Amino acid sequence: MHVFIFLPCIDAHTFMASQNNNLDTTNTASMASQTLKHRSRGVPNITTNTTTARNNKSTKNRRENNMAMAKRGLRSLAITVSIPLSLTLLTIYLTSTHSYVVVSKPFWFTPLWAIHITSLASSFLLGLSAWLVWAVGGFHQNPTALSLYLAQLGLSLVWNPIVLGSGASWVGLAVCLATFGALVGCFRICKEVNPTAGDIIAPCLAWTAFLAIVNLTLIFL
């Protein structure tokens with residue numbers, strides 16, 4: 001009698017212990033699952049923050065590089081334009097214009113101050129055109145463009161002392177025609193490399209042609 005009552009009690013306690021163990025295992029698994037979900041949710045945030053930081057750094061570096069390139073471009077532009085302008089100013093300052101002032105000229109002749117100002121403007125435009133060609137590697141692709149630019153610069157610088165200073169109109173006319181030819185070559189090459197650079201040279205061509213007419217007129221005065 002006692003045996004039959006005791007055995008069922010043992011089975012009941014064993015069953016309850018098994019159920020408690022299963023419940024503890026379920027709770028532990030649930031907590032582990034929640035912890036894993038929480039961690040997995042945190043990982044994308046870390047990845048997003050890292051990606052954002054990298055993008056910000058890349059944008060900052062790109063902005064700094066652009067600023068550095070802009071500064072180098074402005075520096076090279078200033079040098080390219082200031083050199084011919086300075087040489088033209090020096091030539092105007094050192095050249096005596098007595099022979100041009102005293103000669104009797106037609107009413108349509110350009111005043112001396114207008115010649116000087118237009119020569120400075122032409123030097124500026126040609127320097128700007130040369131910089132535009134240089135910026136796209138035009139002088140490396142076609143070295144003839146650089147040779148023609150330097151040739152016209154030298155010829156335009158010697159025209160002032162030859163014609164306005166010495167009054168050698170025949171020599172000045174030859175120099176003026178050579179300058180016009182060099183400018184035509186610059187115009188064609190620069191137009192192929194950079195159309196804007198070619199368009200900038202066009203007013204200089206017109207001015208040189210006008211100087212040739214003035215120079216030719218001076219021969220017969």
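Helix packing and buried positions in the predicted model

Leaving aside neighbours within four places in sequence, Thr88 contacts Ser119, Leu120, Ser123 and Leu157. This residue belongs to helix α1, which spans residues 2–94. With a relative accessibility of 5%, Thr88 counts as buried, because the cut-off for burial is under 20% relative accessible area. Two of these partners can be placed in the helices described below: Ser119 falls within the range of α3 (112–135), and Leu157 within that of α5 (143–165).

The structure is a predicted model. The protein contains seven helices and zero strands, and the order of elements from the N terminus is α-α-α-α-α-α-α. Of its 221 residues, 30% count as buried. Among contacts with a separation of 6 or more, 76% are accounted for by residues 24 or more positions apart.

The largest nonpolar core comprises 17 residues, of which Leu126, Leu183 and Ile201 touch the most other members. Two or more residues of this core are given by each of α3 (112–135), α5 (143–165), α6 (169–193) and α7 (195–219). Apart from this core lies another, of 15 residues, including Tyr100, Trp159, Cys176 and Leu211. The surroundings of Leu183 were examined further. Beyond its neighbours within four places in sequence, Leu183 is in contact with Leu126, Gln152, Ile201, Cys204, Leu205 and Thr208. Leu126 and Ile201, named above with Leu183 for touching the most other core members, are thus both found in this set of contacts.

Helix pairs were considered next, beginning with α5 and α6. The axes of these helices are 8 Å apart and the helices pack at an angle of about 155 degrees. This angle makes α5 roughly antiparallel to α6, because angles over 145 degrees are assigned to that class. The crossing of the pair is left-handed. On the α5 side, the contact is made by Thr144, Ala145, Leu148, Tyr149, Gln152, Leu155, Ser156, Val158, Trp159, Ile162 and Val163. On the α6 side, the contributing residues are Val171, Gly172, Val175, Cys176, Ala178, Thr179, Ala182, Leu183, Gly185, Cys186 and Ile189. By class, the contact of α5 with α6 divides into 16 nonpolar, six polar and no charged residues. Trp159 and Cys176, both listed in this contact, are also members of the 15-residue core.

The loop between α5 and α6 contains Gly167. At 36% relative accessibility, Gly167 counts as partly exposed. Its C-alpha atom lies 8.8 Å from that of Thr97, although Gly167 and Thr97 are 70 residues apart in sequence. Once neighbours within four places are set aside, Gly167 is in contact with Ser99 and Ile162. Ile162 also appears on the α5 side of the contact with α6.

For α6 and α7, the axes come within 9 Å and cross at roughly 165 degrees, an angle that makes α6 roughly antiparallel to α7. Here α6 passes α7 in a left-handed crossing. The residues of this contact comprise 22 nonpolar, six polar and two charged.

Asn215 is situated in helix α7. This residue counts as buried, with a relative accessibility of 0%. Residues up to four places away in sequence not being counted, Asn215 touches Trp159, Val163, Ser169, Gly172, Leu173 and Cys176. Asn215 and Leu173 are 42 residues apart along the chain, and their C-alpha atoms are separated by 5.7 Å. Among the other partners of Asn215, Trp159 and Cys176 recur as members of the 15-residue core.

The axes of α3 and α5 come within 11 Å and cross at roughly 170 degrees, which makes α3 roughly antiparallel to α5. From α3, Leu112, Ile115, His116, Leu126, Gly127 and Ala130 meet Tyr149, Gln152, Trp159 and Leu164 of α5. This contact has seven nonpolar, three polar and no charged residues. Leu126 and Gln152, which take part in the contact between α3 and α5, are also in contact with Leu183.

Technical notes. Residues numbered from 1 in each chain as written. Predicted model: local features only at pLDDT ≥ 70, side-chain atom pairs only at ≥ 80, totals over all residues. Heavy atoms only, no water. Core = buried A, V, L, I, M, F, W, Y, C linked by side-chain atoms within 4.5 Å. Buried < 20%, exposed > 50% of the residue type's maximum accessible area, 1.4 Å probe, protein only. Helix = DSSP H or I, 4+ residues; strand = E, 2+ residues; numbered from the N terminus. Contact = heavy atoms within 4.5 Å. Axes fitted to C-alpha atoms, helices over the stretch in contact; angles between N-to-C directions. Parallel < 35°, antiparallel > 145°, perpendicular 65-115°, else oblique. Left-handed = near helix turned anticlockwise from the far one by under 90°. Nonpolar A, V, L, I, M, F, W, Y, C, P; charged D, E, K, R; others polar.
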